[in-house]
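User: Could you take a close look at the helix packing in chain B for me, and then set it in the context of the whole model? I work at the bench, so please spell out the terms as you go.

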Amino acid sequence: MTEAFSWVFDGLLVIALVIVAARVVFTPVLFKAIVMFIVFGLLMAIAWGRLDAPHVALAEAAIGAGITGALLLAAYSDLVSVRRRRPHLRPRVRVLRRHAFFAASAALAFAALALVLLQVPAPESGAGTLAVANLDATGVAEGVTAVLLDFRAYDTLLEMAVLLLAVYGARAVLVTDSEPRPDPWPTEGRHGSMVAALVGVLAPLIVVTAGYLLWVGAYGPGGAFQAGAVLAALGVLLRLTGRLEPAAASSWPQRLVLVAGLIVFSLVGLATLFAGGTFLDYPEAWAYPLVLLIEIALTVSIALPLILLFSGSPGLATPAPEDRR
Amino acid sequence: MSVPGPSQWLVLIVFVPLLAAVAAVLWPGRGAGRWLTVLTGLLTGGGLLSLSARLLDAGEPVTHALGGWPTPLGIALYADGLSLAMLWLTWVVMSAASWHADAYNPAHGIDEALFRPLWLACWCALNAVFVSGDLFNVYVVLEISTLAAVPLVAIAGGRAALTAALRYLLFALLGALVYLLGVALVYGRHGRLDMHGLEITPEPAMLLAAGLVTAGLMAKAALVPMHVWLPPAHSRAPAPVSAILSALVVKAAVYLLLRLWTWTWPELINGAAWVLGGLGAVAMIHGSVLALLQVRLKRVVAYSTVAQLGYLLLVFPLASLLAWQGVVMHAVSHGLAKAGFFLAAGNIMHLLGHDRLQGMRGISGGPLALTMFALALSAVSLMGLPPSGGFLAKWLLLQAALEAGAWGWAALLLIAGLLAAAYLFRVLAILLARDTPDPLAAPGSDRHVPTAMAWSALTLALGSAVLAFAGEPLLRLFSIGSPDIMTGSTGP
């Protein structure tokens with residue numbers, strides 16, 4: 001890409017980002033705001049790509065735009081069904097003046113921050129340079145994966161607990177809000193053969209893509225988080241088309257998948273603790289296989305909570321055979 | 001295979017409750033949950049004994065370089081006297097509150113399959129905060145504590161609890177984002193995140209970073225002016241949850257304020273000491289006055305937490321070893337007394353079905369005798385009357401203020417103590433009133449407080465009283481590794 005072209009491209013990208021962000025804040029229609037938010041996430045992913053941060057770009061596209069967008073749409077459809085039954089509970093989205101106030105304050109705060117940030121000298125050395133220097137000892141060739149699964153593996157492990165707790169938090173709210181409501185997504189029988197054919201084509205492609213992202217994490221942009229988010233997209237698709245139905249309780253295999261990442265990661269850590277005295281200090285020859293094993297477990301344990309959050313149910317079930325056509 | 005030493009226990013006290021939470025996901029029954037909790041208590045208790053022995057023996061902090069990577073590349077776990085004080089407090093309060101929950105939860109229809117994983121994850125997060133030596137790791141473990149605590153509030157059921165829980169969530173998430181922004185600034189400037197290796201000098205960017213981190217933690221700690229979420233959340237939660245929220249969860253964020261301002265960026269403290277101390281003073285007065293005005297028992301106790309957290313910030317303007325010891329003692333004794341008070345309030349609600357003070361005149365006898373004893377003992381410690389840990393803490397703080405010639409702070413301590421006495425005596429006067437017949441003593445009434453609920457409250461209350469006698473040796477342990485700006489030594 002020539003320099004002039006990249007200036008034009010980046011300039012257009014920045015303008016588009018600002019316009020879309022303004023649309024998210026100022027549109028009076030909630031549905032439009034959600035769609036614009038998803039568009040914003042996709043543009044942001046391109047911006048991260050332009051900033052040479054492909055990991056962040058993948059995460060932004062898969063989680064920021066994809067899964068978050070799906071969650072927002074799920075919440076929207078629920079709001080619509082509440083409004084239909086009880087018209088006085090209109091979601092208030094037409095508070096433009098307050099939005100303008102918040103947008104102006106946020107812009108001011110951002111300007112102040114940027115002013116300070118521009119004057120901060122970068123450190124000559126630090127954890128980043130050390131990570132690059134020690135990459136050979138980790139068994140993986142990709143810096144970000146090494147940080148996530150070796151140098152700062154403890155943080156990654158605990159992030160899995162955060163995901164698990166998000167599911168349990170949603171369940172606690174479900175228990176409190178026990179009002180019965182119709183499932184917002186149509187069941188399988190209401191779709192034509194086009195959808196069935198499309199799901200049949202997409203599902204294996206998604207699985208292969210997730211597997212690729214998982215595998216490639218050892219040498220390039222990818223890894224468990226991106227793979228898990230892509231796998232979750234498959235779950236969302238199956239849930240939307242009635243291949244998966246909400247269940248009032250989670251079966252034990254589902255609970256095992258929820259905690260598989262935590263179990264495998266913790267047991268590897270405890271094994272190294274009892275064998276060598278240091279938590280998650282992989283023996284050099286074992287580093288790569290152990291990291292891969294952990295990443296596989298993490299992928300499924302990242303995907304299932306996201307699907308459950310989208311589904312808004314404690315568990316999932318496949319429809320009974322007599323419902324199928 | 002080797003026997004875990006103190007350094008290994010530092011890891012295990014985080015992973016025992018975490019794996020217990022995982023096991024509780026897989027085996028959601030009540031029996032399994034109870035055994036997992038007992039096992040967690042036994043194992044982490046053993047770990048804390050091992051850590052305490054090493055600390056007293058060596059006189060210096062215990063550390064563990066996770067993954068075998070030294071800082072700043074890896075994450076270090078770190079435990080000194082302050083960590084041990086908070087870890088022991090966590091152990092005692094979580095154990096007693098778990099005992100209380102054994103009887104409280106089935107009686108109040110709390111879903112065991114949801115409660116147990118959240119409860120054990122919260123225990124894990126608290127231990128992880130108190131041994132963390134890394135700014136970003138703190139963000140992660142504070143998120144775990146928030147995401148465990150918020151559903152534990154909602155689990156009480158009903159719209160009011162849900163609203164309180166969601167408001168708590170919004171404040172805590174906003175706090176977390178602001179904290180993260182501050183941490184990003186520190187990393188951008190220094191390229192490292194370890195709390196004990198950073199050398200932060202006063203410059204605009206770092207002052208901004210410290211301000212952001214402090215604001216974020218204040219939202220999580222419910223320090224004035226970010227306290228509005230606390231009274232509804234802590235008063236609507238189930239009793240054992242209220243106890244751990246007020247005694248431990250908010251204190252985890254205050255603990256971090258103490259650690260960061262005294263170890264990580266002590267050179268930035270100059271002007272900030274007065275701002276932080278001033279906010280503490282406002283919290284002490286504002287919280288106490290509002291506690292005096294409440295018409296429901298649990299809200300009195302919740303506003304009391306707002307007030308008592310303010311004391312912890314006085315360490316910054318007073319800045320001496322006495323003040324440091326006073327604040328550590330205050331954190332521990334307030335934790336025990338407040339947890340005991342909340343459990344006792346839960347017992348009263350268990351019998352009455354409400355917590356309006358108006359309907360509580362003269363209920364102190366009969367089935368509530370033990371509970372009333374626990375409540376009164378806790379109140380004594382919260383007011384700072386002898387003999388109690390609360391008295392010892394306030395005495396140390398007052399001494400520190402007088403030695404520094406800081407008459408203003410000394411006067412504040414006395415006024416706040418009087419206000420605490422006022423709002424607590426008001427409650428006690430209502431409960432102990434003799435002018436109306438005890439509504440619970442009516443013939444034919446066979447309502448009683450389960451043994452576990454009465455004795456768990458009493459254990460915590462007795463604990464806060466016993467602190468007065470065990471103060472000397474405990475302070476020796478808790479002062480190990482005190483920060484240089486408190487001990488007055490210039491350091492190497």
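Analyst: Happy to help; here is a walk through the helix packing of chain B, followed by its surroundings.

A word on the ground rules: this is a predicted model, in which local features need pLDDT of at least 70, side-chain atom pairs count only at pLDDT 80 or more, and totals for chains, interfaces and linings use all residues. Residues are numbered from 1 along each chain as its sequence is written, while chains are lettered from A and ligands numbered from 1 in the order in which they are written.

Chain B holds 18 helices and two strands. Here helices (H or I, at least four residues) and strands (E, at least two) are DSSP runs, numbered from the N terminus. The C-alpha trace of chain B spans about 70 × 55 × 40 Å along its principal axes. Its radius of gyration, taken over C-alpha atoms, is 21 Å, which agrees with the value near 23 Å for a compact globule of 492 residues. That globule rule is 2.2 Å times the number of residues to the power 0.38.

A good place to start is α13(B), residues 321–352. Helix α3(B), residues 81–107, packs against α13(B) at an angle of about 5°, with the axes 9 Å apart. Axes are lines fitted to C-alpha atoms, for helices over the stretch in contact, and angles run from 0 to 180 degrees between N-to-C directions. The pair is therefore roughly parallel; angles under 35 degrees count as roughly parallel, over 145 as roughly antiparallel, 65 to 115 as roughly perpendicular and the rest as oblique. On the α3(B) side the contact includes L82(B), M86(B), L89(B), V93(B) and Y104(B), and on the α13(B) side it includes V328(B), V332(B), L336(B), L343(B) and H350(B). Two residues are in contact if their C-beta atoms, placed from the backbone, lie within 7 Å. By class, this contact of α3(B) with α13(B) has 16 nonpolar, four polar and no charged residues. In this scheme Ala, Val, Leu, Ile, Met, Phe, Trp, Tyr, Cys and Pro count as nonpolar, Asp, Glu, Lys and Arg as charged, and the others, Gly among them, as polar.

Helix α11(B), residues 297–312, is another partner of α13(B): their axes come within 11 Å and cross at roughly 175°. That makes α11(B) roughly antiparallel to α13(B). Among the residues in this contact are K298(B), V301(B) and Y311(B) of α11(B), along with H334(B), K338(B), F341(B) and F342(B) of α13(B). The contact of α11(B) with α13(B) has ten nonpolar, four polar and two charged residues.

Further along the chain, α15(B), residues 389–403, packs against α17(B), residues 451–478, at about 55°, with axes 6 Å apart. These two helices are therefore oblique to each other. From α15(B), G389(B), G390(B), F391(B) and L392(B) meet S464(B), L467(B), A468(B) and G471(B) of α17(B). Their contact divides into four nonpolar, four polar and no charged residues.

Two loops deserve a look as well. The peptide bond from P386(B) to P387(B) is cis, with omega near -5°, and P387(B) sits in the loop between α14 (369–383) and α15 of chain B. Another cis peptide bond joins V224(B) and P225(B), with omega about 10°; P225(B) belongs to the loop between α7 (204–221) and α8 (230–236) of chain B.

Now for the partner chain. The contact between the chains takes 48 residues from chain A and 51 residues from chain B. On the chain A side, α7(A) gives the largest share, 16 residues. That side of chain A divides into 30 nonpolar, ten polar and eight charged residues.

Finally, confidence. The model scores ipTM 0.93 and pTM 0.94. pLDDT is the predictor's confidence in each residue, from 0 to 100. Chain B averages a pLDDT of 92, and 98% of its residues score at least 70. Among the elements of chain B, α18(B), residues 484–487, has the lowest mean pLDDT, 82, and α4(B), residues 112–131, the highest, 97. Chain A has a mean pLDDT of 86, with 89% of its residues at 70 or more. Where pLDDT is low, the predicted coordinates should not be read in detail.
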